[in-house]
Amino acid sequence: MDEKSVIDIRDAAVAEVTGARSAQALDAVRIKYLGRKGLLTAVLRGISSLDPSERGRVGKAANEAKSVLAGLISDRARELEEASTRKAGAATDISLPGVGQWVGRKHLISIVTGELKRIFVGMGFSVATGPDVEDVFHNFTALNTPEGHPAREQSDTFFVDGGLVLRTHTSPVQIRVMETTPPPIRMIFPGRVYRKDAWDAVHSPEFHQLECLYVDRGVTFPDLKGTLAYFARRFFGPGTGVRFRPGYFPFTEPSAEVDITCVGCRGGQSPPDSGACRLCGGTGWLEILGAGMVHPAVFRSVGYDAEEFTGFAFGMGIDRLIMLKYGIRDIRYFLESDLRFLEQFG
Ligand code: PHE
């Protein structure tokens, strides 16, 4: 054994370490050269049998080779380790479930509001909106609801500083439109309304209404009836009937509460096997809106000539219409942002 042979062994070992493609292959190289029976180990063991003049150089070369090799092996081990983690990260495991794409959709209230608009626009109405934060004049006073009227009760209305309220209905938009536009008016006003109501299956402090106003010369109660009868059939289906009951609103005279034939038992024609219909309680009718002929006092408050013009108005609860049509039992679903509910529509 001479110095040159040791250097040859070292060079071969370096080449094999660099060429090792796996942790196992690298370990085999380590054992081959540095193991108990490894080539370099053998050289070092054999030093004592060498010619004394050779021992120093051969021993030095072998020790150097050993430490160079040990360093290279540990560097290469780290490289292989890093490469295998990178590979794991980049690999595509086609057996894994896919990453879902969240697609936004319209809220059911928006979908149905759109449907309502299309029905009324088809009849010749146009669409306008007003502010959610209203002044007391538009929400109450101009609607023939003077101070002291029960509808102005503290207990029903959310008051905002500075004589403002969260509108309790969409009727104030009637006033805003009439203040700025001369008749004829054929318009609908969809929007959010607020009342200090309970938070239960059928009440929410925030809900939606669709208001309708038609003012012209010679508008009559039959115009109101015809409009609503047509609307009910379009929205709830061909067989739907409407019924008008006397009602009271400060801003209409006469006033009516309007029912449709029950969507659960088809107006009592197909009552459920056991007992009364859950929806209408067996009456065959469901109340869906308030309506009436515009009160002359309302016309006066906007400067219209109450002798020359007549009009009808109605306001319906959009949330309630949807609950009836879709069989939704709890109004709170509309505000709770629960995707399991929202994803079923749109
Ligand atoms: N504003 C009334 C309500 O909120 C509904 C209504 C509108 C009644 C127009 C008559 C005319 O209950």
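**Entry 1: a small set of strands**

I began with the strands of this predicted model, and I found an open sheet of 3 strands whose order is β2-β4-β3, with antiparallel pairing. I noted that β2 (133-135) and β3 (159-160) are the edge strands, since each of them pairs on one side only. I then looked up how β2 meets β4, which covers residues 164-166, and I read that the two pair in the antiparallel sense over 3 bridges. Within this pairing, I wrote down that D135 stands opposite L164 in β4.

**Entry 2: where the ligand is**

I turned next to the ligand, which sits in the largest pocket. I listed the elements that give two or more residues to the shell around the ligand, and these are β6 (206-216), β9 (285-294) and β10 (310-317). Of the elements, β10 gives the most to this shell, with 3 residues.

**Entry 3: who surrounds the ligand**

I recorded that 14 residues surround the ligand, and that the closest are H169, S171, R195, Q209 and G315. Sorted by class, the shell has 5 nonpolar, 7 polar and 2 charged residues.

**Entry 4: polar atoms facing the ligand**

Which atom of the ligand lies 3.0 Å from a polar side-chain atom of H169? I found that it is a nitrogen atom of the ligand. For R195, I noted an N or O atom of the side chain at 2.9 Å from an oxygen atom of the ligand, and for Q209 I noted a side-chain N or O atom at 3.0 Å from an oxygen atom of the ligand. I closed the entry with the cover: on its own the ligand has 330 Å² of accessible area, and the protein covers 90% of this area.

Note on methods:
Residues numbered from 1 in each chain as written. Predicted model: local features only at pLDDT ≥ 70, side-chain atom pairs only at ≥ 80, totals over all residues. Heavy atoms only, no water. Near = heavy atom within 4 Å. Polar contact = N/O pair within 3.5 Å; in protein donor to acceptor, adjacent residues only side chain to side chain. Areas by Shrake-Rupley, 256 points an atom, 1.4 Å probe, with all protein chains shown as cover. 1 Å grid on protein atoms, 1.4 Å probe; cavity = no way out; pocket = protein on both sides within 12 Å on 5 of 7 lines; lining within 4 Å. Sits in = over half its atoms within 2 Å of the grid points. Helix = DSSP H or I, 4+ residues; strand = E, 2+ residues; numbered from the N terminus. Nonpolar A, V, L, I, M, F, W, Y, C, P; charged D, E, K, R; others polar. Pairing = 2+ DSSP bridges.
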